[in-house]
Amino acid sequence: MFITFEGIEGAGKTTQIKRLHAFLIKNGYESIITREPGGTRIGGHIRAILLNPQNSDMEPLAELLLYTADRAQHINEIIKPALSSNKTVLCDRYFDATLVYQGVTRGLDTGLIKKLHETIFNNLKPDITFLLDLAPELGLQRAWKDINNGSRKNHETRFENENFAFHEKIRAGYLELAHNEPERFCIIDASKDQDHIYQDIIDSLKGRTRFLIAEGLNL
Ligand code: TMP
């Protein structure tokens with residue numbers, strides 16, 4: 001099964017992915033954690049270019065193609081092999097982030113972004129996407145706290161440096177995607193404390209997988 005996590009900066013995706021991974025392993029399901037950008041060695045180099053605050057003059061189209069290059073490497077090197085050996089893939093961000101960040105906020109044509117994904121990645125989509133939703137005031141506060149206490153790298157702050165309106169647009173963009181595809185998205189209230197968020201994720205996963213397992217999917 002292919003599960004992705006999305007949300008604004010500071011939504012707490014990394015913590016929740018680790019907890020879900022531990023839950024799956026404890027219950028006997030083979031699972032891997034990965035992320036975009038930077039889930040592969042080559043992707044790590046692409047990530048460094050994309051998130052470097054010195055690259056604030058990057059062209060939106062160059063940004064889109066770099067995220068797509070990262071994804072090409074990631075799908076072929078990590079995601080597809082893991083799915084073929086029946087592992088559950090837990091991925092910190094994926095294609096929905098491109099639709100929202102490069103489409104909604106950078107103003108690139110979302111039709112083109114979708115077409116690109118359909119054509120070159122055969123429209124590979126997650127089975128479930130957890131959208132960790134919270135207000136940007138709270139998310140950015142948390143993200144900067146992580147940067148200041150060293151748990152997140154301060155040379156990766158290109159998006160945290162964007163203004164407040166940018167993050168409001170990201171949040172709205174994600175919510176719109178979620179409302180358009182309710183069968184794939186689970187919206188989780190990420191303003192709650194970590195334990196409550198985790199419990200909401202487990203409850204939603206149990207609800208969804210009962211249905212997906214009935215459809216013949218392996219967790
Ligand atoms: P993160 O690893 O902390 O989530 O940071 C990745 C950043 O990259 C985040 O600000 C969202 C952004 N991003 C895009 O703009 N487009 C994409 O396709 C992906 C996967 C991430």
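Select N122 to begin, a residue of this predicted model that is found in the loop between α5 and β4. Its phi is near 55°, a positive value in a residue other than glycine, and at 69% relative accessibility N122 counts as exposed. As background, most residues other than glycine have a negative phi, and most peptide bonds are trans. With that in mind, go next to N86, in the loop between α3 and β3 (88-92), where phi is again positive, about 60°, although N86 is not a glycine. N86 counts as partly exposed, because its relative accessibility is 47%.

Another backbone feature can be found by selecting E36 and P37, which are joined by a cis peptide bond with an omega of about -10°. P37 belongs to the loop between β2 and α2 (41-51). From there, step back to S31, which has its place in strand β2, made of residues 31-35. S31 is buried, with a relative accessible area of 9%, and if residues up to four places away in sequence are set aside, S31 touches H21, L24, I25, T88 and L90.

Now turn to the interior and colour I3, F5, L20, F130, L132, I201 and L205, the residues with the most contacts inside the largest nonpolar core, which has 52 residues. Which residues does I3 touch, not counting residues up to four places away in sequence? Show T88, V89, L90, C91, I128, F130 and L205 around I3, and you have the set of its contacts.

C91, one of those contacts of I3, is a good place to pause. At 0% relative accessibility, C91 counts as buried, and the closest cysteine sulfur to its own, in C186, is 16 Å away, which is too far for a bond. C186 is likewise in no disulfide, the nearest cysteine sulfur being that of C91. C186 is buried, with a relative accessible area of 5%. A search of the whole structure finds 0 disulfides.

Select helix α4 next, and ask why α4 is largely enclosed by the rest of the structure. The reason is that 10 of the 11 residues of α4 are buried, and these are F95, D96, A97, T98, L99, V100, Y101, Q102, G103 and T105. To see what surrounds them, display β1 (2-7), α3 (60-84), α5, β4 (128-133), α7 and β5 (185-189), against which the buried residues of α4 pack. After α4 comes G107, whose phi is positive, near 80°.

With α4 still on the screen, look for the enclosed space beside it. A search of the whole structure finds 1 cavity of 30 Å³ or more, and the largest cavity has a volume of about 40 Å³. Select L64, T68, R71, F95, T98, I113, L116, H117 and F121 to show its lining. At least two residues of this lining come from each of α3, α4 and α5, and α5 gives the most, with 4 residues. Sorted by class, the lining of the largest cavity has 5 nonpolar, 3 polar and 1 charged residues.

An open space can be visited from the same helix. The second largest pocket holds about 290 Å³ of space, and its lining has 16 residues, among which L99, T110, K114, L177 and N180 lie nearest the centre of the pocket. Two or more lining residues are given by each of α4 (95-105), α5 (110-121) and α7 (164-180). The largest share of this lining is from α4, which gives 5 residues. Which classes of residue are found in the lining of the second largest pocket? There are 5 nonpolar, 4 polar and 7 charged residues.

For the last stop, select L175, which lies in helix α7. At 22% relative accessibility, L175 counts as partly exposed. Leaving out residues up to four places away in sequence, L175 touches L131, D133 and I187. A distance drawn from L175 to L124, C-alpha to C-alpha, comes to 21 Å, with their places 51 residues apart in sequence.

Notes
Residues numbered from 1 in each chain as written. Predicted model: local features only at pLDDT ≥ 70, side-chain atom pairs only at ≥ 80, totals over all residues. Heavy atoms only, no water. 1 Å grid on protein atoms, 1.4 Å probe; cavity = no way out; pocket = protein on both sides within 12 Å on 5 of 7 lines; lining within 4 Å. Points joined across faces, edges and corners; volume = space filled by probe spheres on them. Nonpolar A, V, L, I, M, F, W, Y, C, P; charged D, E, K, R; others polar. Buried < 20%, exposed > 50% of the residue type's maximum accessible area, 1.4 Å probe, protein only. Contact = heavy atoms within 4.5 Å. Core = buried A, V, L, I, M, F, W, Y, C linked by side-chain atoms within 4.5 Å. Disulfide = S-S within 2.5 Å.
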